[in-house]
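Colleague: Hey, got a minute to walk me through this model? I'd like to get the overall picture first.

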2 protein chains.
Amino acid sequence: MKKRPSLKELAASLEVSPTLVSIVLNGKAKEYRISEEMTKKVIAAAKEMNYSPNVAARNLRSGKSNLIGVIVTDISNPFYSTISRIIEDRANEFNYNVLFSSSDEDLDSTKNLVEVLLNKGVDGLILVPCDGSEGLVKNLHEDDVPLVLLDRYFPDLAVSYSCLNNFKSTQLITQHLLEQGYQKISIVAYVTEMTHINDRIAGYENSMIEAGLKDEISIERIDIANAKTEMHGALKNLIKKGKTEAIIFTTNMLTVSGIYYLNANNIRIPDDIAVVGFNRNDVFNLYYSPISYIKQPLELLANEAVNMLIDQIQNDENKRKMTLNSEPELVIQKSSLRMI
Amino acid sequence: MKKRPSLKELAASLEVSPTLVSIVLNGKAKEYRISEEMTKKVIAAAKEMNYSPNVAARNLRSGKSNLIGVIVTDISNPFYSTISRIIEDRANEFNYNVLFSSSDEDLDSTKNLVEVLLNKGVDGLILVPCDGSEGLVKNLHEDDVPLVLLDRYFPDLAVSYSCLNNFKSTQLITQHLLEQGYQKISIVAYVTEMTHINDRIAGYENSMIEAGLKDEISIERIDIANAKTEMHGALKNLIKKGKTEAIIFTTNMLTVSGIYYLNANNIRIPDDIAVVGFNRNDVFNLYYSPISYIKQPLELLANEAVNMLIDQIQNDENKRKMTLNSEPELVIQKSSLRMI
DNA sequence: CTGAAAGCGCTTACAG
DNA sequence: CTGAAAGCGCTTACAG
């Protein structure tokens with residue numbers, strides 16, 4: 001690889017000191033009252049020689065890497081890949097680069113990735129925390145690692161987060177289904193202690209109770225490790241009981257995997273069972289019966305996560321908890337409309 | 001952020017020199033014949049103090065960053081997000097981290113990203129080159145930047161690449177459609193000079209000609225910048241002419257966008273028109289008429305790209321061109337089966 | 001077997 | 001307005 005010129009070489013070619021060059025290139029010419037003429041000369045030479053500072057040296061000296069670490073559960077999942085793209089673009093605007101990793105919802109993996117990213121010298125972390133990671137997050141926060149949680153949060157920790165108003169999202173869904181005349185409404189979720197899922201369940205329960213349908217509440221929990229098999233069991237169970245007119249799937253993956261099952265078993269949507277899912281997906285729109293879903297404001301969520309993080313990094317006294325509980329939007333399509 | 005202990009502090013706590021510690025922690029104890037006892041003591045202390053080397057300092061000293069840059073067209077596109085995930089995992093195995101960026105098929109953007117990544121000190125690049133980037137790629141190669149092209153390549157450049165055998169992919173499709181009794185077969189592609197697309201077109205033409213159907217060859221080109229509008233025009237055109245019994249879409253995005261159009265216009269697949277697309281997508285499988293598609297060996301493609309790159313980085317005399325033209329697989333589903 | 005010293009390329013007090 | 005010098009944390013000849 002061709003060697004790039006160093007500051008020293010650039011200074012030598014101009015017959016000035018490295019200090020001067022450094023000052024000018026860091027935009028501090030005014031502050032140090034460098035002559036305009038000299039300033040121009042330096043900048044022109046830097047351009048001419050295609051100079052760009054050695055990042056490792058700058059990092060070492062400044063203690064900053066202008067690198068942020070992002071840990072999502074799986075960057076090949078459309079929900080997270082869309083978010084990652086927005087984070088990347090936003091971080092670039094602030095002159096930061098991003099190191100992405102995927103935790104696969106695994107605690108040990110998450111711990112390991114955090115360690116690796118911190119060792120790489122990232123200035124801060126955006127983390128989609130997995131089940132059981134509350135202690136880890138707490139430790140990071142206590143160690144004053146700039147940190148923003150994304151998509152999920154811990155109510156008991158004073159850690160900033162950028163999330164959906166999950167409770168409201170399932171309220172919207174449930175109320176919509178009730179309006180359509182469905183009463184036997186079930187919900188499918190993961191086995192987890194994470195708030196985002198449990199809030200979604202709570203929003204559903206709340207709306208069911210308010211509608212006087214406490215007895216119709218029906219919750220299926222699926223272990224993410226055996227999602228496919230357990231989805232079969234869960235849906236078979238719901239359908240056998242004849243207990244379900246409508247199903248709410250609480251994540252995108254659950255929705256897609258649920259549709260696979262319903263499809264394979266010739267259960268028609270919405271004729272046999274109405275369906276509402278989470279997060280936009282081409283699959284939903286192109287399905288024979290387009291699927292209603294909760295649309296999250298991904299731009300907002302991702303941009304705010306970056307904003308909060310940069311804010312923490314750059315004003316390090318600023319350790320106050322910043323939170324975003326963004327508004328869900330219910331996109332209604334054929335899958336949840338009662339055919340009359 | 002909590003300060004991590006330095007090598008010097010670790011050495012001080014052990015009352016030995018930094019040199020010794022460095023040697024031991026870099027696994028060179030044997031080479032320097034450090035006593036086993038001392039070796040163990042150092043390693044234990046490093047663990048105890050949770051020592052990990054400062055990456056910036058190591059990079060500066062070694063001139064290596066253990067960072068590779070990856071430029072895809074859009075990391076939120078499922079095809080590239082899947083590939084990115086595999087690259088990430090593979091790179092980690094080699095103890096490399098990955099900086100991802102998206103070029104949006106834009107040359108200026110690609111140039112800019114290359115510059116940024118190089119300035120960040122990446123040890124090498126995996127690049128999905130866009131239209132018009134041959135000169136850029138040539139320059140990089142001449143500057144001895146370790147470089148592997150992914151998904152697309154330039155036949156005239158001695159640059160390593162990891163790609164699909166594109167010619168063969170559309171041969172497979174065309175032959176399959178011919179076997180099903182379709183003769184009026186059209187193909188939809190981007191306006192581009194890139195080989196991967198033009199090879200796909202060539203494979204189709206080749207099979208059509210071999211079948212004596214030269215006159216039925218029908219190629220629609222779409223400008224990627226106006227994909228949606230032009231897709232409408234192209235398909236309207238094909239259908240009006242009554243000229244098409246089957247359509248081959250040459251990329252995943254084209255396929256999805258084509259299906260949106262056919263859906264909106266109540267054109268039934270395969271009854272009215274048969275369809276074959278590229279790259280697995282949940283959309284295809286869950287569609288009322290599951291879409292046949294070319295499956296690329298993504299694991300292989302991504303892993304080999306990383307292997308080739310690491311090989312270049314670590315054996316820098318090794319500038320020989322390495323190529324992979326991997327085998328396409330045709331997954332046949334309902335969308336291209338003649339209903340008898 | 002082990003340590004003192006130089007140097008990677010930068011930035012920033014300090015001095016004038 | 002400008003420069004000499006120190007130092008960020010590491011590794012690697014060199015010396016013994």
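Modeller: Sure, we can go through the chain, the pairing and the DNA side in turn. Keep in mind that this is a predicted model.

Colleague: OK, how many helices and strands are there in chain A?
Modeller: Chain A has 13 helices and 12 strands.

Colleague: And what's its radius of gyration next to a compact globule's?
Modeller: Chain A comes out at 26 Å, whereas a compact globule of 340 residues would be near 20 Å. Along the principal axes, its C-alpha atoms fill a box of roughly 85 × 40 × 35 Å.

Colleague: How much of chain A is buried?
Modeller: Buried residues account for 45% of the 340 residues in chain A. As for contacts within chain A, take those between residues at least 6 apart in sequence: 68% of them join residues at least 24 apart.

Colleague: Switching to the pair. What rotation puts chain A on chain B?
Modeller: A rotation of 180°, with 0.0 Å of shift along the axis, and the RMSD is 0.0 Å. The two copies are thus related as by a two-fold rotation axis.

Colleague: How many residues does each chain put into the contact?
Modeller: Chain A gives 38 residues and chain B gives 38 residues. On the chain A side, the elements giving two or more residues are α4, α5 (78–93), β2 (97–102), α11 (252–264) and α12 (282–286).

Colleague: Which of those has the largest share?
Modeller: That's α5(A), with 6 residues. By type, the side of chain A that touches chain B has 17 nonpolar, 13 polar and 8 charged residues.

Colleague: Why do you say the copies meet through the same surface?
Modeller: Because 100% of the interface residues of chain A are also interface residues in chain B.

Colleague: Now the DNA. Which residues come nearest to strand C?
Modeller: There are 26 residues around DNA strand C, and the nearest are A:S6, A:L7, A:N54, A:A57 and B:T19. Elements of chain A that give two or more residues there are α1 (7–14), α2 (18–25) and α4 (55–62), and from chain B they are α2 (18–25) and α4 (55–62).

Colleague: Which element gives the most to that surface?
Modeller: α4(A) does, with 5 residues near DNA strand C. That helix also gives two or more residues to the side of chain A that touches chain B.

Colleague: And how does the surface near DNA strand C split into nonpolar, polar and charged?
Modeller: It divides into 12 nonpolar, 9 polar and 5 charged residues.

Terms used. Residues are numbered from 1 along each chain as its sequence is written. Chains are lettered from A and ligands numbered from 1 in the order in which they are written. This is a predicted model: local features need pLDDT of at least 70, side-chain atom pairs count only at pLDDT 80 or more; totals for chains, interfaces and linings use all residues. A residue is near a molecule or strand if its C-beta atom, placed from the backbone, lies within 6 Å of it. Helices (H or I, at least four residues) and strands (E, at least two) are DSSP runs, numbered from the N terminus. Ala, Val, Leu, Ile, Met, Phe, Trp, Tyr, Cys and Pro count as nonpolar, Asp, Glu, Lys and Arg as charged, and the others, Gly among them, as polar. Two residues are in contact if their C-beta atoms, placed from the backbone, lie within 7 Å. Copies are superposed by least squares on the C-alpha atoms of residues with pLDDT of at least 70 in both. The radius of gyration is taken over C-alpha atoms; the globule rule is 2.2 Å times the number of residues to the power 0.38. A residue is buried if 20 or more other C-beta atoms lie within 10 Å of its own, exposed if 12 or fewer, and partly exposed in between; C-beta atoms are placed from the backbone.
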